[in-house]
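Reader: I should like to learn how charge pairing and chain association are read from a model. May we take a case together?
Author: Certainly; let us look at the structure itself.

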2 protein chains.
Amino acid sequence: MLSKAVHMWTVTYVPAPGVWWLGCQNKDMDKAQNAPVSLISMLARFAEHWAPKKIAEINDYDVKIVKLHGEFTWHRHPDTDEFFLVIDGRLQIQLRDGDVTLTPDELFVVPKGVEHCPKADVETSVMLIEPRGVVNTGDAGGDLTAELADLT
Amino acid sequence: MLSKAVHMWTVTYVPAPGVWWLGCQNKDMDKAQNAPVSLISMLARFAEHWAPKKIAEINDYDVKIVKLHGEFTWHRHPDTDEFFLVIDGRLQIQLRDGDVTLTPDELFVVPKGVEHCPKADVETSVMLIEPRGVVNTGDAGGDLTAELADLT
């Protein structure tokens with residue numbers, strides 16, 4: 001993220017030779033990228049459900065947000081844990097041996113290989129963290145499989 | 001977390017041979033462990049500043065919370081990014097090319113190798129995520145180096 005640059009075009013009148021000068025400068029955007037990421041602002045940028053958006057990276061992990069409403073599909077991630085933090089609403093993570101219900105400021109990590117099915121009776125916003133490339137429907141596939149959009 | 005077990009001792013009378021049977025069973029505690037982790041409840045369990053507590057794991061990453069007040073020490077983590085999410089208060093992440101100020105529900109990832117110095121003018125609570133074993137003071141060391149306590 002910190003390596004992004006923009007081309008800054010400037011038009012300057014140089015009095016001594018009496019000419020106009022057109023200049024282009026690659027401006028380092030490091031400083032402009034030193035900005036916080038607001039969960040609330042990021043959530044305001046989309047409305048669809050079950051479609052995770054990437055908002056940050058931690059090494060080879062993605063930080064994502066997603067809006068949920070209704071029931072997802074039973075699935076498991078054979079190679080990774082999955083982190084859920086509820087920002088708004090109420091998330092029921094159904095597990096084969098019982099449910100975990102999360103309200104705002106509550107988190108849960110579904111362990112690697114454990115079958116689960118998220119469900120939200122009201123619209124719910126969640127922050128997810130998992131390794132890059134993990135598919136939302138895990139081993140189940142199907143119509144709810146979503147390509148990850150990038151909001152960074 | 002889900003592999004914790006308790007030893008369940010049972011005493012049973014077996015009528016056919018007419019004997020008492022003492023049995024021990026390793027009871028899987030998965031179900032009891034299916035509980036959300038509340039950031040607020042976890043924060044209520046300690047008061048000290050600059051002493052991160054582990055509250056969950058994502059594969060080989062630790063999810064930690066920490067209370068901050070005052071200024072930390074300039075340091076860098078040569079091998080990893082560092083994720084900050086402010087839960088309460090106001091966090092200023094000082095960087096050599098400018099500061100990033102985070103209020104609740106705002107996050108920032110300090111890139112690997114980038115020197116930084118957290119500062120909080122009011123008491124501030126933060127969730128951190130980074131690979132297991134990362135030391136809070138990075139390459140700087142010193143008196144503020146804290147051993148990670150485990151609240152899981």
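Reader: How many salt bridges does the rule find across the interface of chain B and chain A?
Author: Side chains of opposite charge can pair when their charged atoms come close. In this predicted model, the rule finds 0 salt bridges across the interface of chain B and chain A. Polar contact is another matter: 12 residue pairs, both members at pLDDT 80 or more, meet in this way across that interface.

Reader: Which element gives the largest share of the side of chain B that touches chain A?
Author: Strand 8 (residues 98-102) of chain B does, with 5 residues. By class, the residues on that side of chain B comprise 23 nonpolar, 7 polar and 9 charged.

Reader: How many salt bridges are counted over all chains?
Author: The count comes to 20 over all chains. One pair to examine is K64(A) with E130(A), whose closest N and O atoms are 2.8 Å apart. This pair links distant parts of the chain, 66 residues apart: K64(A) lies in strand 5 (residues 61-71) of chain A, and E130(A) in strand 10 (residues 116-131) of chain A.

Reader: What area do chain B and chain A bury between them?
Author: They bury about 3,000 Å², with 63% of it on carbon and sulfur atoms. In chain B, the residues losing the most area to chain A are N34(B), N59(B) and L107(B), which together account for 19% of what that side buries. In terms of contacts, 39 residues of chain B touch 39 residues of chain A.

Reader: Which strand of chain B is joined to strand 3 of chain A?
Author: Strand 9 (residues 106-110) of chain B runs antiparallel to strand 3 (residues 37-38) of chain A, and 2 bridges join them. Within strand 9 of chain B, E106(B) is the bridge partner of S38(A).

Reader: How are the two copies related?
Author: Two copies of a chain are related by a rotation about an axis and a shift along it. Here a turn of 180° with a shift of 0.0 Å along the axis lays chain B on chain A, at an RMSD of 0.0 Å. The two copies are therefore related as by a two-fold rotation axis. The same surface serves both copies, as 100% of the contact residues of chain B recur in chain A.

Notes. Residues numbered from 1 in each chain as written. Chains lettered and ligands numbered in written order. Predicted model: local features only at pLDDT ≥ 70, side-chain atom pairs only at ≥ 80, totals over all residues. Heavy atoms only, no water. Contact = heavy atoms within 4.5 Å. Buried area = accessible area lost by both parts, 1.4 Å probe. Salt bridge = Lys/Arg side-chain N within 4 Å of Asp/Glu carboxyl O. Polar contact = N/O pair within 3.5 Å; in protein donor to acceptor, adjacent residues only side chain to side chain. Helix = DSSP H or I, 4+ residues; strand = E, 2+ residues; numbered from the N terminus. Nonpolar A, V, L, I, M, F, W, Y, C, P; charged D, E, K, R; others polar. Pairing = 2+ DSSP bridges. Least-squares fit on C-alpha atoms with pLDDT ≥ 70 in both.
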